[in-house]
Structure formats: structure tokens, C-alpha cells
Amino acid sequence: MKFGVIVFPGSNCDHDAYHVISKHVGQPVSFIWHRETDLAEYDALIIPGGFSYGDYLRVGALASFSPVMSSVKEFAARGGLVLGICNGFQILCESGLLPGALMRNRDLHFVCQHVRVRVENADTPFTNELRRGQILSMPVAHADGNYTCDDETLEELQREDRIIFRYCDAEGRTTPEANPNGARDSIAGICNRGRNVVGLMPHPERACEDLLGSSDGRGLFHSLAATLALASEH
Amino acid sequence: MKAKVYVTLKPGVLDPQGKAIRNSVGLMGYGGIADVRQGKYFEIALDASLDSERARETAERMAREVLANPVIEDYRVEIEG
């Protein structure tokens with residue numbers, strides 16, 4: 001089972017993701033520079049947070065045109081697991097691997113705080129060690145996390161159970177106050193139709209140690225590892 | 001030859017920056033401002049080897065594929081010179 005963490009100029013959560021895979025998941029992991037195109041040795045890819053290419057033009061836009069992303073598209077089309085966190089989520093939307101777009105936060109502030117999200121679908125390769133309705137505490141740190149899409153796409157995401165996480169309060173209610181950025185339908189994370197590509201704004205890799213205020217993020221990485229372990233048995 | 005590309009948010013897409021500008025000019029005393037929508041403007045210098053039809057084609061494709069995100073933005077291209 002081999003993990004890869006993609007590194008763009010301006011990525012800044014790449015080492016956090018690497019640390020979590022090597023220390024908490026206990027699996028081999030390598031960094032993948034944005035100019036590389038051979039992803040044959042990997043079973044799962046993480047597109048980390050940061051400010052790829054300075055977030056010039058639009059957040060995640062220039063990264064989506066990079067050489068490695070052409071290979072990521074092929075990797076995803078073959079069913080490979082791809083997790084995009086924060087800027088990684090923005091890149092996945094810009095590259096068309098996930099629908100919709102991430103816009104400037106409702107209140108124009110850079111939000112940097114712990115938020116709660118509710119697990120909406122525990123039947124994905126990224127959430128199968130979690131349970132539906134479970135509330136996770138994870139940090140967010142972004143200026144452009146305001147998820148938006150047209151009505152048709154929203155209806156499709158709802159109908160196909162592809163909204164994976166929603167922002168919520170301590171009781172699990174999705175209120176405007178619990179939504180840090182104004183995201184449509186309180187969406188914090190979604191998956192593609194094949195359920196092998198997930199993007200989310202909160203940072204599970206920064207919530208894997210109690211010392212950091214939460215270890216709720218481990219569930220995502222353990223789910224990924226459990227999925228891959230199961231796949232390798234077959 | 002020059003291509004000018006204007007990228008704007010689609011009607012109906014919330015524009016928090018435009019709203020903030022609207023609020024500020026309101027506070028500054030500008031009257032009669034109903035709404036402000038902000039966007040982006042690109043000037044692209046084109047090689048003299050392109051005729052105006054190819055220039056437009058190139059700029060249109062670049063606007064569609066790179067400069068604008070069709071999920072949330074519209075674009076308009078003008079060719080000059």
C-alpha cells in the first residue's frame with residue numbers, strides 16, 4: 001500500500017499529510033513533485049492544502065493545469081483513491097474531478113478555527129471507519145471555502161448521497177452560524193460519482209493528535225488504509 | 001494586436017467582494033449606487049503572425065479554458081488593433 005502526497009510550489013500542508021501517513025497510518029509514503037507524471041506505484045494520492053502557484057488567477061486554477069494533474073485524472077479514471085484537502089479540494093474542482101467551485105468566504109475573512117462537521121455518508125473508501133451522523137472536530141484555514149454549484153448539481157449531489165461532510169454545531173445541526181464560509185447547503189466535503197475522489201475544506205491531517213486539539217481526522221486516514229488493505233486481499 | 005478579456009461572475013452567483021465595495025461606497029456618501037459586481041480584466045498581446053480571426057479564436061479558447069471558470073464566471077473577448 002503506497003501513498004503519494006503531491007507537492008506544488010506553494011503547498012504547505014504536504015509535510016503534515018506525509019507525517020500522518022507515515023506515523024499514524026504506518027504506511028509507505030512519498031512526495032510527488034508537480035512536474036512528475038508517473039503515478040504507477042501509488043494506491044492513494046493526497047492533494048494537500050496550501051497556496052499552489054500563489055493561488056494566482058483563481059484558487060487551485062494553475063495547479064489544475066500542471067503536468068501531474070493530467071496523470072491524477074487518469075489515476076482517478078482507473079479508480080485510484082484521491083483525497084483533496086483545502087487547496088487540494090479547490091484543485092479537484094478546478095480540474096473537473098469534482099463538480100462546483102470554491103469561492104471567496106461569505107464574510108471575506110480568512111477563517112482559521114476549529115469547526116465541526118457531520119459525517120453524511122459513511123459508505124465511501126474515505127469514511128468507512130466513521131459512522132453516519134458522527135460529529136468530527138477539525139480545523140479550517142482558508143479564504144476561499146465557500147462551496148457553490150448550480151441547482152442541478154446540488155440536486156444530483158444530494159440524490160446520489162455525494163455530500164460527505166456538512167458543517168454543523170455541537171448538536172449536529174447545520175445552522176448558518178455553524179457554517180464558517182457560507183458554503184451552499186453547508187457543504188464541507190463531497191465525492192465524485194465513483195466515490196474514489198473526495199475533497200473537503202477542513203484539515204483532517206491537522207487533527208490527528210490530541211496535542212493539536214483533536215484526533216478526529218484519523219478516522220479518514222484509517223478508512224483509506226482499511227479500504228486499501230481490503231482491496232489488496234482480493 | 002491585443003485581446004482584451006473581461007471575466008465576470010455569472011448573474012446570481014454571490015459576489016461578497018462586490019457587496020463589500022457597495023457597502024464602502026455607500027458609507028463614503030456615493031448616492032444612487034444600486035449594486036456593484038467585480039471581475040477581472042486581462043490584456044493579451046498577440047503575435048503579429050495571427051490574423052484577426054485566429055486571434056479571436058485563440059483568445060476565446062484561452063478565456064474559456066483558462067481565464068474563466070465556467071462554473072461561476074462568464075467572459076467577453078474584444079480584439080483590438
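These legends walk through several close-up views of a predicted model.

**View 1. The open sheet of chain A.** Here we meet a sheet of 9 strands with mixed pairing, and its order reads β2-β1-β3-β4-β11-β10-β9-β6-β7 in chain A. At the edges stand β2 (29–33) and β7 (135–142) of chain A; each has a single partner strand, so one side of each is left without a neighbour in the sheet. From one strand to the next, the twist averages 25 degrees.

**View 2. One strand pair, seen closely.** Strands of a sheet can pair in a parallel or an antiparallel way, through backbone hydrogen bonds. In this view, β6 (residues 111–119) and β9 (residues 163–168), both of chain A, take the antiparallel option over 4 bridges. If you would like a landmark, look for R118(A), whose bridge partner in β9(A) is R166(A).

**View 3. Two helices of chain A packed together.** A pair of packed helices is described by the angle between the axes and the distance between them. For α1 (residues 14–25) and α6 (residues 218–233) of chain A, the angle is about 70 degrees and the axes are 11 Å apart. An angle of 65 to 115 degrees counts as roughly perpendicular, so α1(A) is roughly perpendicular to α6(A). From α1(A), the contact involves V20(A), I21(A), H24(A) and V25(A), which meet R218(A), F221(A), H222(A) and A225(A) of α6(A). Sorted by class, this contact of α1(A) with α6(A) has 5 nonpolar, 2 polar and 1 charged residues.

**View 4. Helix α3 of chain A and its two sides.** In α3 (residues 67–77) of chain A, the buried residues are V68(A), M69(A), S71(A), V72(A), F75(A) and A76(A). Looking down the axis of α3(A), you will find these buried residues within an arc of 155 degrees, so they line one face of the helix. Among the elements that cover them are β1 (3–7), β2, β3, α2, β4 (81–85) and β11 (197–200) of chain A. P67(A), E74(A) and A77(A) are exposed on the other side of α3(A). After α3(A) comes G79(A), with a positive phi near 100 degrees.

**View 5. Two loop residues with positive phi.** Most residues other than glycine have a negative phi. Y53(A) is not a glycine, yet its phi is positive, at about 50 degrees. Its place is the loop between β3 (44–47) and α2 (61–64) of chain A. Y53(A) is buried, with 22 other C-beta atoms within 10 Å. D161(A), also not a glycine, has a positive phi of about 55 degrees and sits in the loop between α5 (151–159) and β9 of chain A. D161(A) counts as partly exposed, with 14 C-beta neighbours inside 10 Å.

**View 6. Helix α2 of chain B.** Moving to chain B, the buried residues of α2 (residues 52–67) are A55(B), A59(B), A63(B) and L67(B). Their arc around the axis is only 65 degrees, which puts them on the same side of α2(B). The cover over these buried residues includes β1 (2–9), β2 (39–45) and β3 (73–80) of chain B. Turn to the other side of α2(B) and you will find E53(B), R61(B), R64(B) and E65(B) exposed.

**View 7. Where the two chains touch.** The contact takes 10 residues from chain A and 7 residues from chain B. On the side of chain B that touches chain A, the residues divide into 5 nonpolar, 2 polar and no charged.

Technical notes:
Residues are numbered from 1 along each chain as its sequence is written. Chains are lettered from A and ligands numbered from 1 in the order in which they are written. This is a predicted model: local features need pLDDT of at least 70, side-chain atom pairs count only at pLDDT 80 or more; totals for chains, interfaces and linings use all residues. Two strands pair if DSSP finds at least two bridges between them. Axes are lines fitted to C-alpha atoms, for helices over the stretch in contact, and angles run from 0 to 180 degrees between N-to-C directions. Angles under 35 degrees count as roughly parallel, over 145 as roughly antiparallel, 65 to 115 as roughly perpendicular and the rest as oblique. Two residues are in contact if their C-beta atoms, placed from the backbone, lie within 7 Å. Ala, Val, Leu, Ile, Met, Phe, Trp, Tyr, Cys and Pro count as nonpolar, Asp, Glu, Lys and Arg as charged, and the others, Gly among them, as polar. A residue is buried if 20 or more other C-beta atoms lie within 10 Å of its own, exposed if 12 or fewer, and partly exposed in between; C-beta atoms are placed from the backbone. The arc is that of the directions from the helix axis to the C-beta atoms.
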